[in-house]
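Hi everyone, thanks for coming. I'd like to walk you through a structure that may be new to you, so please have the sequence and the 3D view open.

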Amino acid sequence: MGIEKAKILVTGGAGYIGSHTVLELISNGYGVVVCDNFTNSKPDAVSRVKKLANRDFPFYNTDVRDEGGIQKIFSEQKIGCVIHFAGLKAVGESVKIPLDYYANNLNSTLVLLKVMEKFGANNFIFSSSATVYSGVNEMPLTENSVTGNCTNPYGWTKYMLEQILRDAAAANKNLRVCLLRYFNPIGAHESGQIGEDPKDIPNNLMPLVAQTAAGKRGVLNIYGTDYNTADGTCIRDYIHVSDLAAGHVLAVKYLENHAGVSVFNLGTGKGTSVLEFIKAFEGATGVKIKTNTAPRRAGDLPVSYAHTQKAKDELGFAAKKSIEDACADTWRWQSGL
Ligand code: NAD
Ligand code: UFG
């Protein structure tokens with residue numbers, strides 16, 4: 001079943017990246033069906049997306065591992081493509097409860113692939129991560145850089161799922177797969193109505209900076225100032241979540257004309273240090289962040305940023321928004337929480 005005449009099932013569509021992508025898909029004229037079990041999100045996110053889009057869409061409170069539940073969605077809706085965001089994603093937590101991570105992330109994908117084959121839905125877009133790249137690579141990371149040697153179970157789930165998807169596509173020539181390796185998603189919708197709202201203590205820099213700015217945390221730890229970088233802090237490729245969402249729309253279009261498995265980095269190609277990041281946040285919001293120099297965090301790579309040429313040439317993707325845009329948007333969102 002082609003994508004253009006059918007709907008797109010967005011799993012994890014109530015989550016951070018999923019909610020922005022649902023909005024972007026609707027803005028581009030696609031019909032969507034959303035499924036989420038709210039393990040790391042709230043029903044309010046779905047209502048807000050509907051309001052921003054000024055459009056209703058089918059929502060299923062279903063665990064993607066529930067094969068019967070997923071079959072019900074496919075039998076009630078005409079699904080031509082799946083964008084699979086649903087999964088557990090906290091690196092530290094994955095070290096503590098690895099089996100939950102493997103069970104959730106692997107089984108959800110296996111169930112989707114099985115049901116898709118049964119119903120003749122052949123297009124699959126997968127949320128992978130720059131975490132699949134091994135630490136041995138030169139920068140910037142190309143899609144052909146070495147993968148593996150992951151430092152935590154979360155990373156291994158992404159690595160394993162990429163392999164599972166390649167094997168599934170090798171066995172079923174009708175299956176088209178797009179692996180999107182996200183770098184560091186940040187920011188919120190420019191309306192400030194949807195954004196990242198971590199249930200527990202966040203791991204990532206942006207929510208921690210925003211919570212410190214909002215007075216919810218006393219001080220921001222800077223993990224390591226003795227790296228071999230210009231200012232001694234780690235360098236990452238921070239990409240605005242709305243740019244990332246737009247990348248998924250391009251991936252849907254790409255699958256309409258490309259068989260087999262394709263893989264793309266979604267990043268900006270620009271590295272930013274932790275100190276530069278804090279400065280950008282302070283500049284964009286006018287709020288001063290109280291910081292504390294802390295030891296290096298285990299498992300952190302000194303530098304990670306994307307080579308973006310392949311995504312540009314083949315997908316037509318280029319990030320448009322700056323870190324300052326992302327900081328201002330996050331602050332608008334955070335201030336409303
Ligand atoms: P998120 O936690 O905000 O969204 C994931 C959503 O999936 C949540 O709404 C959660 O409730 C739902 N979910 C989890 N398990 C489910 C299940 N079994 N059935 C149904 N729903 C389930 O995370 P996010 O930041 O939006 O990430 C989306 C995807 O992108 C994830 O697969 C993540 O691993 C990947 N990714 C995220 C980042 C990042 O830094 N945010 C980086 C690289 C890759
Ligand atoms: N950092 C701090 N202080 C904090 C939090 C983070 O200094 O309080 C630093 C980290 O040490 C790192 C940088 O900010 O140098 C970015 O850290 P994040 O946790 O925001 O991002 P990571 O690059 O470590 O991890 C992210 C995702 C992972 C994914 C990885 C690679 O969170 O899921 O990118 O794609 F695996």
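**A cavity and two ligands**

Let me start with the lining of the largest cavity: its residues divide into five nonpolar, three polar and one charged. Before I go on, please keep in mind that this is a predicted model.

So how many cavities of 30 Å³ or more does the structure hold? Just one. The space in the largest cavity comes to about 70 Å³. If you want to find the place on your screen, look for Y16, G187, E196, M206, P207, A210, T330, W333 and Q334, which line the largest cavity. Two elements give two or more residues each to that lining, namely α7, running 205–213, and α11, running 323–335.

Okay, on to ligand 1. There are 27 residues around ligand 1, and the closest are I17, D36, N40, S41 and Y154. What does that shell look like by class? You get ten nonpolar residues, twelve polar and five charged.

Which elements supply at least two residues each to the shell around ligand 1? Those are α1 (16–27), β5 (123–129) and α6 (153–171). Of these, β5 deserves a second look, as the largest share of the shell, three residues, comes from β5.

Now zoom in on some individual contacts. N104 puts a polar side-chain atom 2.8 Å from a nitrogen atom of ligand 1. K158 also uses a polar side-chain atom, this time 2.9 Å from an oxygen atom of ligand 1. With G15 it's the backbone: a polar backbone atom there is 3.3 Å from an oxygen atom of ligand 1. And how much of ligand 1 does the protein cover? On its own, ligand 1 has 830 Å² of accessible area, and the protein covers 96% of that.

Let me stay for a moment with one residue from that group, S41. You'll find S41 in the loop between β2 (32–35) and α2 (43–53). Is S41 buried or exposed? S41 has a relative accessible area of 9%, and because the cut-off for buried is under 20%, S41 counts as buried. Here's a nice one to trace on the sequence: S41 and D197 sit 156 residues apart along the chain, yet their C-alpha atoms are 7.6 Å apart in space.

Right, ligand 2. This one has 21 residues around it, and N204, L205, N221, R236 and D300 come nearest. By class, the shell around ligand 2 has twelve nonpolar, six polar and three charged residues.

Where do those residues come from? Both α7 and β8 (220–223) supply at least two residues of the shell around ligand 2. The largest share, four residues, belongs to β8. You've met α7 already, by the way, in the lining of the largest cavity.

For the contacts, take R236, where a polar side-chain atom lies 2.6 Å from an oxygen atom of ligand 2. The side chain of D300 has an N or O atom 2.6 Å from an oxygen atom of ligand 2. Then there's S129, with an N or O atom of its side chain 3.0 Å from an oxygen atom of ligand 2. As for cover, ligand 2 has 690 Å² of accessible area on its own, and the protein covers 89% of that.

That's my tour. Happy to take questions!

Conventions. Residues are numbered from 1 along each chain as its sequence is written. Chains are lettered from A and ligands numbered from 1 in the order in which they are written. This is a predicted model: local features need pLDDT of at least 70, side-chain atom pairs count only at pLDDT 80 or more; totals for chains, interfaces and linings use all residues. Side-chain values use heavy atoms; hydrogens and water are left out. On a 1 Å grid over the protein atoms alone, a cavity is a set of points where a 1.4 Å probe fits but cannot get out, and a pocket is an open set with protein on both sides within 12 Å along at least five of seven lines; lining residues have an atom within 4 Å of a point. Grid points are joined across faces, edges and corners, and a volume is the space filled by probe spheres set on the points. Ala, Val, Leu, Ile, Met, Phe, Trp, Tyr, Cys and Pro count as nonpolar, Asp, Glu, Lys and Arg as charged, and the others, Gly among them, as polar. A residue is near a molecule or strand if one of its heavy atoms lies within 4 Å of it. A polar contact is a pair of N or O atoms within 3.5 Å; within protein, one must be able to donate a hydrogen and the other to accept it, and residues adjacent in sequence count only if both atoms are side-chain atoms. Accessible areas come from the Shrake-Rupley method with a 1.4 Å probe; for residues, only the protein chains shown count as cover. Buried means under 20% relative accessible area, exposed over 50%, partly exposed in between (1.4 Å probe, protein chains only).
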